[in-house]
Amino acid sequence: MRTIHAVAGLAVVLALAGCQRTSMTDFSGNSTSPSPVQAQPVPTVSSGQLAAPGDTSQFPAAPVSGTAAVGGVTAPGGTEVAAATNALDVTKESMVGNWRVSNAGASCDMFLTLTNLGSGSRGGTRGCAGELTAMGSWEVAGKQVVLKDRNGNPLARLFKTADARFDGSTNGGQSVSLSR
């Protein structure tokens, strides 16, 4: 029985090998070659001097209205700028644990761990509304605590304003406070 299977398999392989076209001839036996590919025009390369390092002349001027942006989070009246300049030092280890969150007049709970999750550490909320419902991780960057969604995108930035208190705002401009 095995011999029959081996012979049948060999016959199928040889039959399929005979179906392959290996030469460049047409059906009447004349040799053919593929037509040449036409060259395409290449644009000219321009050259010039790069701006000197530290030259900011190609950037737009900073906003001067009543709105201040710090790290991508906008807060009315510059409250975030004041918090950033007066912020106390923060360590990742001091953030671990349960926090009471005040967000846009409502309160909820936040839990922060040291378990790695992407570029930050795992965290989550319970009973929160708005943007903080999507919180999945957090990290300390300098003197600020960045709350992130489950995809690693920043949701809010907070600064340490007292021994067990952090204040900041969400990307949508809502104020956020953490306390123990």
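## A salt bridge between β6 and β7

Lysine 148 and glutamate 139 form a salt bridge in which the closest N and O atoms are 2.9 Å apart, and, as with everything described here, this comes from a predicted model. Are the two partners, lysine 148 and glutamate 139, buried or exposed? Lysine 148 counts as buried, because its relative accessibility is 5% and the cut-off for a buried residue is under 20%. Glutamate 139, with a relative accessible area of 22%, is partly exposed.

Glutamate 139 also has a place in the pairing of strands, since it stands opposite valine 146 in β7. Six bridges join β6 to β7, and these two strands run antiparallel. They form a hairpin with two residues between them, and in its turn glycine 142 has a positive phi of about 70°.

## The barrel

Which strands close into a barrel, and in what order? There are eight of them, in the order β3-β4-β5-β6-β7-β8-β9-β10, and the pairing is antiparallel. On average, and with direction ignored, neighbouring strands of this sheet are turned by 30° against each other.

The pairing can be followed from strand to strand, beginning with β3 (residues 97-103), which is joined to β4 (residues 106-117) by seven bridges. One of the pairs here is asparagine 103 with its bridge partner alanine 106 in β4. β3 and β4 form a hairpin with two residues between them, and alanine 104 in the turn has a positive phi of about 55°.

β4 then pairs with β5 (residues 120-126) in the antiparallel sense over six bridges, and methionine 110 has threonine 125 in β5 as its bridge partner. Here too there is a hairpin with two residues between the strands, and glycine 118 in the turn has a positive phi of about 65°. Between β5 and β6 the antiparallel pairing extends over two bridges; serine 121 has tryptophan 138 in β6 as its bridge partner, while arginine 122 stands opposite serine 137 in β6. In a regular strand, the side chains alternate between the two faces of the sheet.

## The nonpolar core

The largest nonpolar core has 19 residues, and those that touch the most other members are Met95, Met110, Val145, Leu147, Phe166 and Leu178. The elements that give two or more residues to this core are β3, β4, β6, β7, β8 (154-162) and β10 (175-179). Methionine 110, already met as the bridge partner of threonine 125, is thus named again among the residues with the most core neighbours.

What is valine 145 in contact with, once its neighbours within four places in sequence are left aside? Its contacts are Val90, Met95, Trp138, Glu139, Val140, Ala156, Arg157, Leu158 and Phe166. This list includes glutamate 139, the partner of lysine 148 in the salt bridge described at the start.

## Other salt bridges

The structure holds five salt bridges. One of them brings together the side chains of arginine 100 and aspartate 109, with a distance of 2.8 Å from N to O. Aspartate 109 counts as buried because its relative accessibility is 15%, whereas arginine 100, at 38%, counts as partly exposed. Both residues belong to a network of salt bridges that links Arg100, Asp109 and Arg126.

Another salt bridge joins the side chains of aspartate 89 and lysine 143, at 3.7 Å from N to O. This pair links distant parts of the chain, 54 residues apart, with aspartate 89 in the loop between α2 (79-85) and α3 (92-95) and lysine 143 in the loop between β6 (135-141) and β7 (144-149). Aspartate 89 is exposed, with a relative accessible area of 59%, while lysine 143 is partly exposed, with a value of 38%.

## The disulfide

A disulfide is a covalent bond between the sulfur atoms of two cysteines. The structure holds one disulfide, which joins cysteine 108 to cysteine 128 with an S to S distance of 1.7 Å. Cysteine 108 lies in strand β4 and cysteine 128 in the loop between β5 and β6, so the bond ties together parts that are 20 residues apart in sequence.

The torsion about the S-S bond of cysteine 108 and cysteine 128 is about 75°, and the disulfide is therefore right-handed. Both of these cysteines are buried.

Conventions
Residues numbered from 1 in each chain as written. Predicted model: local features only at pLDDT ≥ 70, side-chain atom pairs only at ≥ 80, totals over all residues. Heavy atoms only, no water. Pairing = 2+ DSSP bridges. Helix = DSSP H or I, 4+ residues; strand = E, 2+ residues; numbered from the N terminus. Salt bridge = Lys/Arg side-chain N within 4 Å of Asp/Glu carboxyl O. Buried < 20%, exposed > 50% of the residue type's maximum accessible area, 1.4 Å probe, protein only. Core = buried A, V, L, I, M, F, W, Y, C linked by side-chain atoms within 4.5 Å. Contact = heavy atoms within 4.5 Å. Disulfide = S-S within 2.5 Å. Axes fitted to C-alpha atoms, helices over the stretch in contact; angles between N-to-C directions.
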